[in-house]
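Here is a short tour for anyone meeting this structure for the first time. Have a look at the picture, then read on.

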Amino acid sequence: LRERRERAATGPGRTADGYAVPLLANVGNAADARLAVEFGAEGVGLLRTEFLFLDRQTAPTIAEQTAHYREILAILGHRPVTIRTLDAGSDKPLPFLRLPVEPNPALGLRGIRLRDIDEGTLYEQLAAIASARAATGTPVKVMAPMVATVEEARRFAAAARGAGLSDCGIMIEVPAAATRAEFLGAEVDFFSIGTNDLSQYLFGADRMSSALAALHDPWQPALASTVAAVVAGSRADDIPVGVCGEAASHPEFACVLVGLGVSTLSMAPRSLPAVRAALSAVTLDQCRAAAVAVLTEATAAEAARAARAELRPAE
Ligand code: PEP
Ligand code: MG
């Protein structure tokens, strides 16, 4: 019994009927990476690289970046790590980039858009990631934030593959990308849905505004509809869809995401045990029924109630 309990606390993510859902961690530095291992993460689904450089006044060199990534990859060992290229700007300003002052930074130059004013930073980062991977042997994927168009995805994939990083994906966190997932999927190897920004742009509600928290409720059915559209689009090229936004750390909503066809969930390390436990208590069919319930209810409150009824243990 103790062994079973321990496995449930740190083992791989799976539903009660054995459907595997790799549970991954979101990390920003080496301390987070250690926590990820401690909490039984099966890998890292989102390494936020901007946090390595938040207080830098000058651009990090390729060697400095390589050392940072190496340290984190070494902690994860054989576990796969998805590294996101710099998501600077808006809520993550980086002093060394000398970004222009904009009236609406969340709608301005951020994420992959910075490539237009500063291409070198992306190439240097990809080179550093490739060196760190070569040094540690840790399986590495790379992904770009804030991709909105096919051209952006295509240019990022070419840059990543040019650096020898053949497994490359994009975050889906702008509604335009969600509506064109079928076309974007032809360019890359995977999608990772960032529900924090996706909710922000879908609802036109600043993610930093606590007054608008109701619009960021994961039970808002428009969020599930958008995830469903991304999963449907991903089927054209049969590429996997993960979720790495806050919504993945909500134990019941995580089950709904699995029911919608999401194949991996990535979250803060400390959220892993609760999501692992919630998944292990339901079947894949229950997850699917809960997903249908959310898609067919009109309001967030009704969606939550209907999904919970589907996720209740069988009598
Ligand atoms: C997101 O937008 O959901 C996400 C995971 O990325 P970040 O929170 O770093 O913008
Ligand atoms: Mg984001």
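M146 is buried in this predicted model, because 22 other C-beta atoms lie within 10 Å of its own, and 20 or more is enough to count. You'll find M146 in the loop between β4 (140-144) and α5 (150-162). Its backbone does something a bit unusual: M146 has a positive phi of about 65° although it is not a glycine. Most residues other than glycine have a negative phi.

D238 plays the same backbone trick, with a phi near 55° in a residue other than glycine. Is D238 buried or exposed? D238 counts as exposed, because it has just 7 C-beta neighbours inside 10 Å. D238 sits in the loop between α9 (221-234) and β7 (241-243).

Back to M146, which is also one of the contacts of E173. Setting aside neighbours within four places in sequence, E173 is in contact with P145, M146, G194, D197 and L198. E173 lies in the loop between β5 (168-172) and α6 (175-179).

E173 and D197 share an annotation, too: an unreviewed UniProt entry marks both as "binding site". They span 25 residues in sequence, yet no two of their C-alpha atoms are more than 5.3 Å apart, so they gather at one spot. D197 is found in helix α8, and, leaving out residues up to four places away in sequence, D197 touches E173 and R207.

A further "binding site" annotation from the unreviewed UniProt entry covers R48, R84, N196, D197 and R207. Take R84, which has its place in strand β3 (residues 81-84). Not counting residues up to four places away in sequence, R84 touches L46, L47, R48, T49, M143, P145 and M171. N196, on the other hand, belongs to helix α8 (residues 195-203). Its contacts beyond four places in sequence are R207, G245 and E246.

How do these annotated residues fare for burial? Here are four of them side by side.

| Residue | C-beta neighbours within 10 Å | Status |
|---|---|---|
| E173 | 26 | buried |
| R84 | 25 | buried |
| D197 | 24 | buried |
| N196 | 15 | partly exposed |

Now for the ligand. Which residues are around ligand 1? They are L46, R48, D87, E173, G194, T195, N196, D197, C244 and G245. Helix α8 gives the largest share of this shell, three residues, while β2 (44-48) and α8 each supply at least two. Sorted by class, the shell has two nonpolar, four polar and four charged residues.

One more helix is worth a glance. In α11 (residues 272-280), the buried residues are L272, V275, R276 and L279. They cover an arc of only 100° around the axis, which puts them on the same side of α11. The general background is that an α-helix has 3.6 residues a turn, so residues three or four places apart point the same way.

Finally, how sure is the predictor? The protein chain averages a pLDDT of 94, and 97% of the residues score at least 70. For the complex, the predictor gives an ipTM of 0.99 and a pTM of 0.96.

Methods: Residues numbered from 1 in each chain as written. Chains lettered and ligands numbered in written order. Predicted model: local features only at pLDDT ≥ 70, side-chain atom pairs only at ≥ 80, totals over all residues. UniProt positions renumbered as here; feature names shortened; annotations may be inferred. Helix = DSSP H or I, 4+ residues; strand = E, 2+ residues; numbered from the N terminus. Buried ≥ 20, exposed ≤ 12 C-beta atoms within 10 Å, placed from the backbone. Contact = placed C-beta atoms within 7 Å. Arc of directions from axis to C-beta. Near = placed C-beta within 6 Å. Nonpolar A, V, L, I, M, F, W, Y, C, P; charged D, E, K, R; others polar. pLDDT = per-residue confidence, 0-100.
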